[in-house]
Amino acid sequence: MNVAKADWTGQSFEVEVGPVAHGGHFVARHEGRVLFVRHALPGERVIASVYEDNGGSFCRADAVEVLEASKDRVEAPCPFAGPGRCGGCDFQHVSWDAQRELKAQVVTEQLSRLAKIDRNVTVEALPGGPLEWRTRIRMAVDRDGRPGFRGTRSHDVIPVDHCVISRPGMVEAVADRQWRAQELTVVQDGDGNRHVGEVRGRHTVRRAGTGTAVETAAQRKWRISADGFWQVHPAAADTFATVVREWAAAGPGQRAWDLYGGAGLFASVLGRQVGESGSVLVVESFPGAVEDGRRNLRRMSQVEWVADKVERAVTRRLPVEDPHVVVLDPPRKGAGKIVVAEVARRRPQRVVYVACDPAALARDLAEFTAQGYRLEDLRAFDAFPMTQHVECIALLVPETS
């Protein structure tokens with residue numbers, strides 16, 4: 001006999017909130033089911049209103065009323081934050097110190113559960129504080145032409161006239177008019193120049209500004225496409241490049257790979273280390289990033305570019321000579337089994353893995369462990385304050401070293 005699955009959508013329950021979970025929510029339980037509750041904190045008693053229930057063992061809810069508050073709860077600095085509102089920030093209601101502790105708990109739990117690595121993690125703050133840090137934003141446009149941000153797990157657009165985590169003036173520059181685009185991109189580069197792009201379909205069809213963003217990191221000026229990839233926190237690129245420089249420790253004449261190389265930030269670091277007698281192979285699938293990288297590093301003859309997907313390149317197109325050092329900076333889904341296996345097969349002395357998702361990092365670390373590598377060091381950075389996102393950099397070495 002088929003038993004109808006529970007559907008709690010629209011219902012509210014009084015629950016006690018448990019630990020933080022990966023994804024910006026917290027675990028609570030009611031009648032044997034798990035509720036992933038946003039806008040809550042561990043130890044609180046809240047009224048949780050279910051907004052999504054697919055009938056399985058869990059559902060998703062918002063804390064719409066706090067009955068017993070945590071000491072770490074603060075008033076959200078943004079009027080658009082909260083249940084049913086903008087979905088861009090997960091932790092506006094959490095003190096900044098507590099945000100980093102929650103992220104540390106998530107990284108620790110993912111490493112333990114998925115990679116069987118027990119390690120105490122500290123999430124380091126980047127300079128500048130938790131507000132007014134974001135230099136690149138993508139905004140949706142509603143049917144009336146008003147720009148805003150989407151709600152949590154929703155296509156609904158929440159119109160806004162400012163954003164407390166973005167650089168001052170970025171949202172204001174586009175909020176005072178109606179737009180015909182589907183989305184807008186707004187970039188404020190390292191020189192303070194602002195670039196606004198209108199996105200229709202998959203293409204940016206119009207841009208205000210030069211279209212070329214100027215950034216400074218790794219001891220050089222970068223000129224990159226304004227709609228290309230660059231770290232959104234102004235201190236992130238240089239901080240990460242510094243860690244990669246220290247951990248890669250490539251020597252003159254050595255060979256290095258920079259996989260998912262973007263515009264060549266880490267390749268520039270590796271290129272300096274190996275010198276003209278060495279080599280740096282960059283693999284990047286996005287043509288615009290490759291074009292930016294070639295232009296910015298044109299004087300580094302030791303840097304070679306492969307415009308291809310990393311999964312295909314590591315199995316078909318990379319040199320016979322094994323690298324001494326490999327740097328990986330994969331997208332949120334991680335590198336995956338094929339890439340990890342091919343990198344490990346080449347037995348580099350050091351692998352530096354830059355990760356924007358702790359679950360993907362943990363899965364790939366488990367694969368590296370199975371291939372005979374161990375986690376030598378790990379640092380985590382709060383490159384996205386007020387959100388659940390955290391950046392990690394891991395150093396792996398062969399188990400025998």
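Visitor: How do you know at what angle helix H7 and helix H8 cross?

Guide: In this predicted model, local features need pLDDT of at least 70 and side-chain atom pairs count only at pLDDT 80 or more, while totals for chains, interfaces and linings use all residues. Residues are numbered from 1 along each chain as its sequence is written, and side-chain values use heavy atoms, with hydrogens and water left out. The axes of H7 (residues 337-345) and H8 (residues 358-370) come within 9 Å and cross at roughly 40 degrees; axes are lines fitted to C-alpha atoms, for helices over the stretch in contact, and angles run from 0 to 180 degrees between N-to-C directions. The helix names follow DSSP runs, numbered from the N terminus, with at least four residues for a helix (H or I) and at least two for a strand (E).

Visitor: Why is the crossing of H7 and H8 called right-handed?

Guide: The crossing of H7 and H8 is right-handed because the near helix is turned clockwise from the far one, whereas anticlockwise by less than a right angle would be left-handed. Lys337, Val340 and Val343 of H7 meet Asp364, Glu367 and Phe368 of H8, where contact means heavy atoms within 4.5 Å.

Visitor: What makes up the contact of H7 with H8, in terms of nonpolar, polar and charged residues?

Guide: The residues divide into 3 nonpolar, no polar and 3 charged, since Ala, Val, Leu, Ile, Met, Phe, Trp, Tyr, Cys and Pro count as nonpolar, Asp, Glu, Lys and Arg as charged, and the others, Gly among them, as polar.

Visitor: How is the contact of H3 with H4 divided on that scheme?

Guide: The axes of H3 (residues 236-248) and H4 (residues 265-274) come within 9 Å and cross at roughly 35 degrees, and this crossing is right-handed. The residues in contact include Phe240 and Arg245 of H3 and Phe266 and Gln273 of H4, and the whole set divides into 9 nonpolar, 1 polar and 1 charged.

Visitor: What makes E6 and E17 the edge strands of the open sheet?

Guide: The open sheet has 8 strands in the order E6-E20-E21-E19-E18-E15-E16-E17, with mixed pairing, and two strands pair if DSSP finds at least two bridges between them. By that rule E6 (123-125) and E17 each pair on one side only, so they are the edges. The twist in this sheet averages 20 degrees from one strand to the next.

Visitor: How do you know that E16 and E17 pair?

Guide: E16 (residues 279-284) and E17 (residues 303-307) run parallel and are joined by 5 bridges, so the requirement for pairing is met. Val283 has Val306 in E17 as its bridge partner.

Visitor: Why is the β-α-β unit of E16, H5 and E17 called right-handed?

Guide: E16, H5 (residues 287-296) and E17 make a right-handed unit because, with the strands pointing away from the viewer, the path from the first strand over the helix to the second runs clockwise. H5 lies across E16 and E17, at about 165 degrees to E17.

Visitor: Which strands does H7 lie across?

Guide: H7 lies across E15 (255-259), E18, E19 and E20 (373-382), running at about 165 degrees to E18. E18 (residues 325-328) and E19 (residues 350-355) pair in the parallel sense over 4 bridges, with Leu328 opposite Tyr353 in E19.

Visitor: What is the strand order of the closed barrel?

Guide: The barrel of 5 strands runs E1-E2-E3-E5-E4 with mixed pairing, and its twist averages 50 degrees from one strand to the next. E1 (residues 12-21) and E2 (residues 25-30) run antiparallel, joined by 3 bridges, and Val20 stands opposite Phe26 in E2.
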